[in-house]
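Visitor: Before we look, please be ready to justify each label with its cut-off, since I would like to know what the words rest on.

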Amino acid sequence: MDRLSDLNPQQREAVTAAPGPILVLAGPGSGKTRVLTYRLAYLIQELKVPAAEILALTFTNKAAREMEGRALSLLGGSRATGVPRLGTFHSTFARILRIEADRLPVTRDFVIFDDVDQLELVRQSLKELNQDPKQVQPRRVLASISRAKNEMIEPQAFASDTYFTEITRRVYERYQQLLLANNALDFDDLLLLPIQLFSEHEATLHTYRRRYPHLLVDEFQDTNTAQYTLLRMLAGAKPDLFAVADPDQSIYRWRGADYRNVKRLRDDFPDLNTLLLEQNYRSTQTILDAAMAVIDRQPDRQHKQLFTERGTGDPILIHEAYDQDEEGQFVVEKISMLTLTGEAEPGDFAVMYRTNAQSRAIEEAFLRAGLPYRLVGAQRFYGRKEVKDLIAYLRLIHNPVDQVSLERAIRTPPRGIGDKTLAALWAAADQAEATPIDILLMLGRGVEVTGISARARTPLAQFGALLSGWLEIKDRVLLDSLIDRVLEDVEYRGYLGSDEDRWANVMELRGVAQEFSELGLVEFLQQVALVSDQDTLTENLNAPTLLTLHAAKGLEFPIVFIVGLDEGELPHYRSQDDPEAMAEERRLFYVGLTRAQDRVILLRAFRRRSRGVSSLTDPSRFLDDLPADLIEGDLIGMRTPAQAGYDRETSWQGRVPAPTEARFQAGMRVIHPQFGEGIVLETQLEYDDEEVTVNFEEVGVKHLVASMASLEIEDP
DNA sequence: ATCACAATACTTTTT
DNA sequence: GTATTGTGAT
């Protein structure tokens, strides 16, 4: 292969390794995706493997598409041997399930339930079990069920040692029944069912083993038990398996990902060929040193010496803003400055945060400045009400036993059908041993149905008539015409009123449907369920990108801002008492740092608003791990002992009464052990403390808490 | 009986 | 700031 000279010796060794079980342990920015793509091309061009025998699995659609693009350009026009199969775990096995639907408890028209639909089923199950949704949180139950499914634990095997787990076990059982009754699968089923299928029908497993003797896996450290099991099944005893992994970038533990699968792979394949990629092609040495300092604090971890030939580069800038609004303002100002001086383009910047909710303050800063930005994810397009409404109609038309969609569609827009009418409809369906859809269609034709009152009949019959019209044309007209007809029939535009934004979303979805006209409703609905908007990054806009640290994995930017480096935010407070979760927060910070090519700018806010209340924050513990010689900025030595504040607030005796009078006054000269002398600009009494703004001669304006910052009034 | 609006509780990360 | 539940008007 002529392009092999593009690679360094380590990369070349990996790409040209003899077929067999191969694990490439790679650091960030070491060209993982590149190696994976070259391997794909190498198999086809040098080893003459028919492309159709290669199955490449990724976690995101973005990664799959990127690989596809790179591979195509690498292979040129030589695709005579077919096309490699490239896709996410979920979409790949969803496809296989449709092919093998005869052996499944669902038909090949099954729909995929997203988290909102799943939650609906959990609520329904809880109601049937006479559980108060206030006492047993549906979200918790669902999370617990999902965890079990990722670990391949069936309802019967689910351990129920507490009241909560017993409830969960029963809900789990009922939830599975409801899914099947709706002819639906959830995300976890897309992996679980293939496992069941393969273990029950060995011949089928062998068919797929023969079809794809060559496996490629990206981000192997993110596999969960179900995914690992599937890989092992497909791999067989003597596999050609090429996996790339970076355990330090494992950030999906909450989704069942287990980086220990890397170790399991070693145990399961004793002849595993493990290769290392340590040279980094992305970042400056300063950034790598900082990142290593952060990740080396992790216990039980093999040290990786990351190195680059890019030189030292700029120090890492740390800034403490007053609150989240000022944090956003600082980001925007910094970007404007660096763009104006010509040091960078708007598209060179990324702003990363722990939670989607944090994007708001940043967005507002951009909006105030009148500057454009790109937002990844956040308010998910497919999660919007208007979008879900339309999808509910389409799902109902495609799969009439989908009761979750029926309930949603029949209620929106409001047409005089409420709880009582629906209850009557379900009851009538039960009695007639038919589906609610059958009853609706009958009513639509003017047939009398016992159990349906005169009052309920009119709106139900009207809806039934509309439905029968849609079912009749669904196979004859193109997808976008079907959508137009539905929207028109239910007067959806009128329902939205003058909300142009929401109508625009509906039209955008119609636009996506238009692209799927050829492929049809099944493919469209699957796409809608499995493709998240995390993947829909508009490439052509030259503007800063706003995204979560999770969404940032696999990407790189010249200049990276990470905001919200406060205790409770990053690390997130939900990870506080679980060491494994805390370790993951650290890896998340590591991932963020290593996205940067040239510069990293870290921000934290002294005061932060969450849940409506504004409170003071402590700087993130991760800031302490950055070597002093790599950083510059105004936070150095600022970290306050977190416990000092806690002790006072939680003990009864030592409770400090709220100061009734400010000790400091504007204009006073004060002295601070670290910051030196300064003048008080402003003071403010805050529930049990005094907040002082001081302009220090040496270090500029600082916000301090009087009781904690040993601030002294200077004698005149 | 249904629907709009107000009050209330809750808030990680994503296929 | 948002999802869910409760209440009062139609």
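Visitor: What makes Glu-491 count as exposed?

Guide: Its relative accessible area is 58%, and because exposed means over 50%, buried under 20% and partly exposed in between (1.4 Å probe, protein chains only), Glu-491 falls in the exposed class. This is a predicted model, in which local features need pLDDT of at least 70 and side-chain atom pairs count only at pLDDT 80 or more, while totals for chains, interfaces and linings use all residues. Side-chain values use heavy atoms, with hydrogens and water left out, residues are numbered from 1 along each chain as its sequence is written, and chains are lettered from A and ligands numbered from 1 in the order in which they are written.

Visitor: Where does Glu-491 sit, and what is notable about its phi?

Guide: Glu-491 is in the loop between helix H20 (479-489) and helix H21 (492-496), where helices (H or I, at least four residues) and strands (E, at least two) are DSSP runs numbered from the N terminus. Its phi is positive, about 50°, although the residue is not a glycine.

Visitor: Glu-219 has a phi near 50° as well, so why is it classed as buried?

Guide: The relative accessibility of Glu-219 is 14%, so it counts as buried. Glu-219 is found in the loop between strand S6 (214-217) and H10, and its positive phi again belongs to a residue other than glycine.

Visitor: What class does Asp-489 fall into, and why?

Guide: At 24% relative accessibility, Asp-489 counts as partly exposed. Asp-489 is placed in helix H20, and it touches Leu-466 and Trp-470 when residues up to four places away in sequence are set aside, contact meaning heavy atoms within 4.5 Å. Asp-489 and Trp-470 are 19 residues apart along the chain, and their C-alpha atoms are separated by 9.6 Å.

Visitor: Why is Thr-412 called buried, and which residues does it touch?

Guide: Thr-412 has a relative accessibility of 15%, so the label buried applies. Apart from residues up to four places away in sequence, Thr-412 touches Asp-389, Tyr-393 and Tyr-495, and its place is the loop between helix H16 (403-411) and helix H17 (419-431).

Visitor: What is the geometry of the peptide bond from Thr-412 to Pro-413?

Guide: That bond is cis, with omega near -10°, and Pro-413 lies in the loop between H16 and H17. A cis peptide bond also joins Leu-570 and Pro-571, with omega about 5°; Pro-571 lies in the loop between S15 and H25.

Visitor: Asp-578 is in the loop between strand S15 (557-562) and helix H25 (579-593); what polar contact does its side chain make?

Guide: The partner is the side chain of Arg-253, at 2.8 Å. A polar contact is a pair of N or O atoms within 3.5 Å; within protein, one must be able to donate a hydrogen and the other to accept it, and residues adjacent in sequence count only if both atoms are side-chain atoms. Asp-578 itself has 28% relative accessibility, so it counts as partly exposed.

Visitor: How do you know that helix H23 is mostly covered?

Guide: Eight of the 10 residues in H23 (residues 521-530) are buried, among them Leu-521, Phe-524, Leu-525 and Val-528.

Visitor: Which residues are around DNA strand C?

Guide: They are Arg-123, Lys-134 and Arg-360, a residue being near a strand if one of its heavy atoms lies within 4 Å of it. Sugar and phosphate make up 100% of the atoms of DNA strand C that come within 4 Å of the protein. For Arg-123, a polar side-chain atom lies 2.8 Å from a phosphate oxygen of DNA strand C.

Visitor: What makes a space a cavity, and how many of 30 Å³ or more are there?

Guide: On a 1 Å grid over the protein atoms alone, a cavity is a set of points where a 1.4 Å probe fits but cannot get out, and lining residues have an atom within 4 Å of a point. Grid points are joined across faces, edges and corners, and a volume is the space filled by probe spheres set on the points. By this rule there is one cavity of 30 Å³ or more, and about 30 Å³ of space lies in the largest cavity. Its lining includes Phe-220, Tyr-228, Arg-232 and Phe-269, and helix H10 (residues 225-235) gives the most to the lining, with four residues.

How values were computed: 1 Å grid on protein atoms, 1.4 Å probe; cavity = no way out; pocket = protein on both sides within 12 Å on 5 of 7 lines; lining within 4 Å.
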